[in-house]
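Here is a friendly walk through one protein model, from the overall fold to a few aromatic side chains. Have a look at the sequence and the structure before reading on.

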Amino acid sequence: MIIESCKLCPRECGGYRDDEIGKGICGARAVAEVARIAPHFGEEPCISGTRGSGAVFFSRCVMKCLFCQNYDISHKGFGKAVTAGALAEKYKMLEDMGVHNINLVNGTHYIPQICESLTIYKPSIPIVFNCGGYEKPESLKLLQGLVDVYLPDFKYADDELAYEYSGVRNYKETAERAIAEMIRQTGKPRFGGGGMITGGTVIRHLVLPSATKNSIEVLKTIKARFGDSVLVSLMAQYTPCGEALAHKKLSRKITAREYQRVLDTLFELDLDGYAQELESSGEEFIPDFDLTGV
Ligand code: SF4
């Protein structure tokens, strides 16, 4: 496959992509690259359940977050090329292992390849699209009828912070438009046996150090824009790593006081969903990216 001028994500950088070369900002080639395919237990209870979520971790990323906890695969591009047909076989493998769902982690830059793989084989368990909230509605429309659950981040209400930490412009409005499209496709959250999610949109927000104002604005925006059409998952697991270790604000974990301020807002706004314990350590949520299952 050759993509002469890629405009798949909101960066619309026009990068050339073929099966060997990826010249866009994300560095993704035209063939998908994957770093790990295995049951994963680090997601929300309605996604990980007791048997795990069948996670496919895609390499590279359209965002460049300084604090990324999957730095080796997102920034450095560690991974192995996997065709759409091979991906389809991996979905079947995970399904046969008994996982609750197929969890496509960070596949924004591979949406066409994901669509092709799900057209070859659509498992009978829910398909979860786990992403950064920085997607184009036009690209998400390609996933309509193939994805059951969207799991986007809503990282920033402050566009300057988004540019400083993730190198993207106009994040807030972009995320709002993307999430509106996700909800249009999925409807309100729905659950099946064992409380496992079968459809809907769950918005994640990771609380960052020295950024409680941003977090509070994100929650207020979610309430005003999406109300009870979504679940919210508030995450306290921020752990400095990579470039963040040397950053003046990002080199520490969040404090109990910071998290409590954000939690208070979550409760005041009466948003439905999940809130991590503050003690949750980042490392326990990071699997080994060693091509397991690829
Ligand atoms: S997916 Fe990658 S190559 Fe395509 S527009 Fe986005 S950053 Fe550029």
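What percentage of the 294 residues in the protein do buried residues make up? The share is 59% of the 294 residues. Please keep in mind while reading that this is a predicted model.

**Overall build**

Nine helices and 12 strands make up the secondary structure of the protein. The radius of gyration is 18 Å, close to the 19 Å that the globule rule gives for 294 residues, so the protein is as compact as a globular protein of that length. Taken along the principal axes, the box filled by the C-alpha atoms is roughly 50 × 45 × 35 Å.

Contacts across the sequence come next. Among contacts in the protein with a separation of 6 or more, 69% are between residues 24 or more positions apart.

**Surface and charge**

About 12100 Å² of the protein is exposed, and 50% of that area is supplied by carbon and sulfur atoms. As for charges, the protein has 34 positive and 38 negative ones. The mean positions of these two sets are 3 Å apart.

**Aromatic pairs**

How many aromatic pairs does the count come to? It comes to eight, counting rings whose centres lie within 6.5 Å. Two of the pairs are set out here.

| Pair | Centre to centre | Angle between planes | Geometry |
|---|---|---|---|
| Phe57 and Phe289 | 5.2 Å | 70 degrees | edge-to-face |
| Phe67 and Tyr165 | 6.3 Å | 80 degrees | edge-to-face |

The pair of Phe57 and Phe289 links distant parts of the chain, 232 residues apart. Phe57 lies in strand S4 (residues 53-58), while Phe289 belongs to the segment after strand S12 (273-275). Are these two rings buried or exposed? Phe57 counts as buried because its relative accessibility is 5%, and Phe289, at 18%, counts as buried too, since the cut-off for buried is under 20%.

The pair of Phe67 and Tyr165 also links distant parts of the chain, with their positions 98 residues apart. Where do its two members sit? Phe67 is in the loop between S4 and helix H2 (71-74), and Tyr165 is in helix H6 (residues 159-166). Both Phe67 and Tyr165 are buried.

One more aromatic grouping is worth finding in the viewer. Tyr134, Phe154, Tyr156 and Tyr171 form one aromatic cluster.

Note on methods:
Residues are numbered from 1 along each chain as its sequence is written. Side-chain values use heavy atoms; hydrogens and water are left out. Helices (H or I, at least four residues) and strands (E, at least two) are DSSP runs, numbered from the N terminus. The radius of gyration is taken over C-alpha atoms; the globule rule is 2.2 Å times the number of residues to the power 0.38. Buried means under 20% relative accessible area, exposed over 50%, partly exposed in between (1.4 Å probe, protein chains only). Contact means heavy atoms within 4.5 Å. Accessible areas come from the Shrake-Rupley method with a 1.4 Å probe; for residues, only the protein chains shown count as cover. Lys and Arg count as positive and Asp and Glu as negative; His and the chain ends are not counted. The place of a charge is taken as NZ of Lys, CZ of Arg, CG of Asp or CD of Glu. Rings of Phe, Tyr and Trp (its six-membered ring) pair if their centres lie within 6.5 Å; planes under 30 degrees apart count as stacked, over 60 as edge-to-face and the rest as tilted.
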